Amino acid sequence: MTTTAPDVEPNPLREGLEQERVPDASCLVIFGASGDLTQRKLIPGLYSLAHDGLLPAGQTIVGFSRSDYTDDEFRKLMREACDKHARTRPVDDAIWENFAKGLFYVRGNFDEHQAYVELKKRLGEFDKTRGTGGRRIYYLAVPPDYFPLICELLGKEQMVNDPEKDGPYTRAIIEKPFGHDLESARELNRVAVSTFRERQLFRIDHYLGKETVQNLLVLRFANGIFEPFWNRQYIDHVQLTVAESIGVEKRGAYFESAGITRDIIQNHMLQLVSLVAMEPPVAFEADAVRDEKVKVLRALREFPKGKEAELAVRGQYTDGSVLGEEAIAYRREENVDPKSNVETFAAMKVFIDNWRWADVPFYLRAGKRLPKRVTDISIHFRPAPYPLFNKMSNVKMQSNILSIRIQPDEGISLKFDSKIPGPTVRTAPVTMEFRYATSFGAEPPEAYERLLLETMLGDSTLFARRDEVETAWDWLDPLLVAWAKDARGPELYPAGNWGPPSADALIERDGRSWRRP
Ligand code: BG6
């Protein structure tokens, strides 16, 4: 059951929700509480929810990991984390005080049966003292290798309620990577569903928590003007860019086993593709939305065997400079093999073989150490059917582009041609712009805030379903296998460039070019 909080001001940033929803109090247990994610995203996100009046009274957060902290030491550490990372800064002492009363810590190894006994006991106490009513959310902020063990011990200690039976809910939040390929993803899912039912699982893809990503659905399906043009008849092609200026930072070891394709394209980027390309769902409900998204993934055209390079290229950064600062080559980063062939950039031309998108190319590119951080989707429309103005020598018609800026400077703009005022017919491209900052005047909530709240509310619309994850791997696996076998490795590009020359060639062969977002 969910309740509305009468004393909370409606927030215009949360489109589609007529009233703010406040969930019932639960115990949220964070496995891996001493890790980076907890300090950078989870606790600051939860604090900001409390700040905005969206956390229920009695909400209890329990850190669980190997480090030895008392409750008070854990609270102190988390306060420092919020001082550094919370969206709603400076931290308000009165709100913090109240929030910190719900913060606890249990020390334990993930493979230590006794630690789960202790955890269970403490959770039971909170049910009595804080009104959490047996409701449990387990956040597995741990590497996937630990999943089987944690699932098994939670099951053994009877800490997971079956949703088919009456009783308080149990939910589990899982972080990516959801596998390394199709087989490992299936195995992870098999392990997860041996303890939880699919509807108890919340697989986080933090892109789905971004306001601008959610707004894709509102843009497409709450407005009458876009959908009639949203198809092969009017759209020439679509471009998606996820560019980062940062390198792999301290995550060299992880990146060596992932590469940009597994890190960004398999999850965040395919989520964007599905939202741009999906059919209208029959309802704005978890399964209705995800059914449509998965259909898009199923329609992705396979890469032609032996000719992958015609449709997909990969790159790796070398020494260079980004935003005026020197950047070292990927192969010189910490914990990276000096001969590594892992790709830090990938670009591909993708087709969605269905009625709506037949033969419309989707050009995707993602990379690290590119000139700037920007995530952008641009819809390039076909030219006008008859080039009336092209006959005039000083008129150069450009294509209409709808561009959706996911981050930063979140917004949407539409580019079209306009007559330059004056006695002769001359045209120039102009843009109509919507910017979140000017229209709503407030910073949108962090993705994790929204996703944590949705889990407490039990709404899995913004989470990846098992078949989405597996279908995405099913499509990408053959390309990754082909790349692994290809001794040529990735093409090098200096840090601070928009990827290797072959990325430009990929799109220029078609008489098009990458839009500089
Ligand atoms: C993560 C990737 O999922 O997303 C990182 O593992 C990447 O490599 C990050 O930097 C990008 O997220 P955002 O929200 O900054 O675009």
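A residue counts as near a molecule when one of its heavy atoms lies within 4 Å of it. Keep that cut-off in mind for the ligand, and keep in mind too that this is a predicted model.

With that rule in hand, let's start at the ligand. Its surroundings are made up of Lys176, His206, Tyr207, Lys210, Glu244, Arg251, Asp263, His268, Lys368, Arg373 and Gln407. Three of these residues are worth a zoom, since each brings a polar side-chain atom up to a ligand oxygen. For Glu244, the gap between a polar side-chain atom and an oxygen of the ligand is 2.5 Å. For Tyr207, an N or O atom of the side chain sits 2.6 Å from a ligand oxygen. Swing over to Lys368 and you'll find the corresponding distance is 2.8 Å.

Now zoom out to the whole chain. The domain assignment splits it into domain 1, residues 21-205, and domain 2, which is made of two stretches, 210-446 and 465-508. Going by C-alpha atoms, the centres of domain 1 and domain 2 are 33 Å apart.

So what do the two domains share where they meet? Between them, domain 1 and domain 2 bury about 1600 Å², with 54% of that on carbon and sulfur atoms. On the domain 1 side 17 residues make contact, and they meet 18 residues of domain 2. There are 9 residue pairs in polar contact between domain 1 and domain 2, counting pairs with both residues at pLDDT 80 or more. Helix α6 (residues 182-195) supplies the largest share of the domain 1 side, with 6 residues. Sorted by class, that side of domain 1 has 9 charged, 5 nonpolar and 3 polar residues. Salt bridges show up here as well: 3 of them cross the interface of domain 1 and domain 2. If you'd like a salt bridge to look at, try Lys41 and Glu446, whose closest N and O atoms are 3.4 Å apart.

One last stop is Asp127, found in helix α4 (residues 113-130). Which residues does Asp127 touch, leaving aside those up to four places away in sequence? They are Cys27, Thr132, Gly133, Gly134 and Arg136. With Gly134 you can pin down the atoms: a polar side-chain atom of Asp127 is 2.9 Å from the backbone nitrogen of Gly134. Asp127 also has a distant stretch of sequence beside it in space: Ser26 is 101 residues away along the chain, yet the two C-alpha atoms are 8.3 Å apart.

Key
Residues are numbered from 1 along each chain as its sequence is written. This is a predicted model: local features need pLDDT of at least 70, side-chain atom pairs count only at pLDDT 80 or more; totals for chains, interfaces and linings use all residues. Side-chain values use heavy atoms; hydrogens and water are left out. Domain bounds come from an automatic or database domain assignment. Contact means heavy atoms within 4.5 Å. Buried area is the accessible area (1.4 Å probe) that two parts lose on being put together, summed over both. A salt bridge is a side-chain nitrogen of Lys or Arg within 4 Å of a carboxyl oxygen of Asp or Glu. A polar contact is a pair of N or O atoms within 3.5 Å; within protein, one must be able to donate a hydrogen and the other to accept it, and residues adjacent in sequence count only if both atoms are side-chain atoms. Helices (H or I, at least four residues) and strands (E, at least two) are DSSP runs, numbered from the N terminus. Ala, Val, Leu, Ile, Met, Phe, Trp, Tyr, Cys and Pro count as nonpolar, Asp, Glu, Lys and Arg as charged, and the others, Gly among them, as polar.
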